[in-house]
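Please examine the structure shown below with attention to its aromatic rings. The explanation that follows considers how charges and rings are placed around one another.

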Amino acid sequence: MEKYPNINILLNLEQRYIPKAEFVFRTFCYILRLNPRFSYGSYYEGTHLYYGNATTRTFPIRIHHDPHTAEFFEQQELYPLEQVTFCKYKDEYIPFLFSPGGDIFSFAESNCVIRKDIIAGGFYFLTCWNEYILSLRGIPKGRVDYKQSLQYRWSFTELPVVDVYSQLLLYAMSKYTPEFIRDITWGNNKSFAVSLSHDIDYWNAWTGKHILQTIKYNAKSFLARPFHALYKLSGHLFHKFMFHSAFKQIRRIAGRETDLGVASTWFLLAYSGFDDERQNYIADIVAREQIIDLLGEREVGLHGSPDSAFNPELLASELENIRGLGFKPIGFRTHYLNFDISVVFPS
């Protein structure tokens with residue numbers, strides 16, 4: 001069998017919703033090592049997966065679709081808390097959106113229905129829709145309050161929901177499209193892999209200026225909170241002011257990785273216009289020399305400034321700043337994990 005078998009997916013949806021559905025299916029297929037081939041309409045010979053409007057036709061696997069989904073994502077609303085449903089799967093209660101209550105699967109002899117809209121739900125979680133809508137109502141480009149998230153409200157912050165959705169799909173495929181089931185391994189036939197990375201927001205967070213600011217702040221608050229201020233001052237004095245060295249700390253981490261035989265990715269900021277001057281280390285001569293010395297032989301990625309996620313010119317300039325140090329960045333992670341679904345999937 002080829003490495004990524006072709007799986008035929010039939011989408012019978014409103015045109016405005018198709019790109020969103022394809023995005024989720026591509027994500028599932030990437031996880032399951034499949035190559036999705038999409039067709040559109042109410043019927044296609046050889047369909048393995050059907051997702052769309054209600055139909056009397058049978059397909060090996062059909063995924064429930066809420067016909068109001070496209071409209072929901074255009075209204076820019078939060079999903080109602082009270083409409084989240086939970087169903088037990090492998091001893092864990094899984095949250096579902098846009099779905100009826102009851103069982104997850106409906107099985108027949110030659111076909112089944114996944115009765116939960118794992119595509120619409122997958123889109124909601126993959127695109128951080130909840131956070132996106134909250135940000136529209138708060139400070140632009142600000143951090144969203146964790147306690148306002150859907151995950152926190154329903155206590156499933158540690159559940160990898162989208163991965164579970166893909167496992168639900170895999171379970172249905174094991175029964176009705178077994179030709180796609182095979183061992184999925186990483187690297188040297190390992191069952192899982194861990195990706196280790198570091199975001200370097202500050203090359204040296206404790207500059208003389210910021211040490212002085214910390215001392216002044218805690219000194220001013222001494223009368224109001226003497227024990228706390230004394231604790232902070234003494235702690236900073238012994239740890240940060242006397243013994244802390246950003247260079248030594250990063251060298252220690254890098255050395256430990258070498259000893260363990262692991263390779264991580266170091267994501268470096270490469271923008272020189274941050275309000276916090278400590279983040280403009282790409283333009284500092286001493287920092288540049290230290291970066292080359294410590295990370296010259298290691299994998300480096302770009303920790304792009306928030307606007308670089310949507311500004312190709314800015315992104316290109318930051319890439320050049322990294323390349324100017326002799327690196328060949330192969331990864332990108334935007335600062336603050338900045339993401340705007342309206343740019344990727346405009347209405």
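A charge is said to sit over a ring if NZ of Lys or CZ of Arg is within 6 Å of the ring centre and within 35 degrees of the ring normal. In this predicted model, Arg 278 lies over the face of Tyr 202, at 4.4 Å from the ring centre. Another such arrangement involves Arg 33, which is placed over the face of Tyr 30 at 5.9 Å from the centre of that ring.

Rings may also pair with one another, and a search of the whole structure identifies 29 aromatic pairs. One of these joins Phe 25 and Tyr 51, whose ring centres are 6.0 Å apart and whose planes are at 70 degrees, an edge-to-face pair. This pair links distant parts of the chain: Phe 25 belongs to helix α1 (residues 18–32), whereas Tyr 51 belongs to strand β3 (residues 49–52). The two residues are 26 residues apart. Is Phe 25 buried or exposed? Phe 25 counts as buried because its relative accessibility is 0%. Tyr 51 also has a relative accessibility of 0%, and therefore counts as buried.

A further pair is formed by Phe 105 and Phe 107, with ring centres 5.3 Å apart. Their planes are at 20 degrees, so the pair is stacked; the reasoning rests on the cut-off that planes under 30 degrees apart count as stacked. Phe 105, at 13% relative accessibility, counts as buried, whereas Phe 107 is partly exposed, with a relative accessible area of 42%.

How values were computed
Residues numbered from 1 in each chain as written. Predicted model: local features only at pLDDT ≥ 70, side-chain atom pairs only at ≥ 80, totals over all residues. Heavy atoms only, no water. Phe/Tyr/Trp six-rings, centres within 6.5 Å; stacked < 30°, edge-to-face > 60°. Helix = DSSP H or I, 4+ residues; strand = E, 2+ residues; numbered from the N terminus. Buried < 20%, exposed > 50% of the residue type's maximum accessible area, 1.4 Å probe, protein only.
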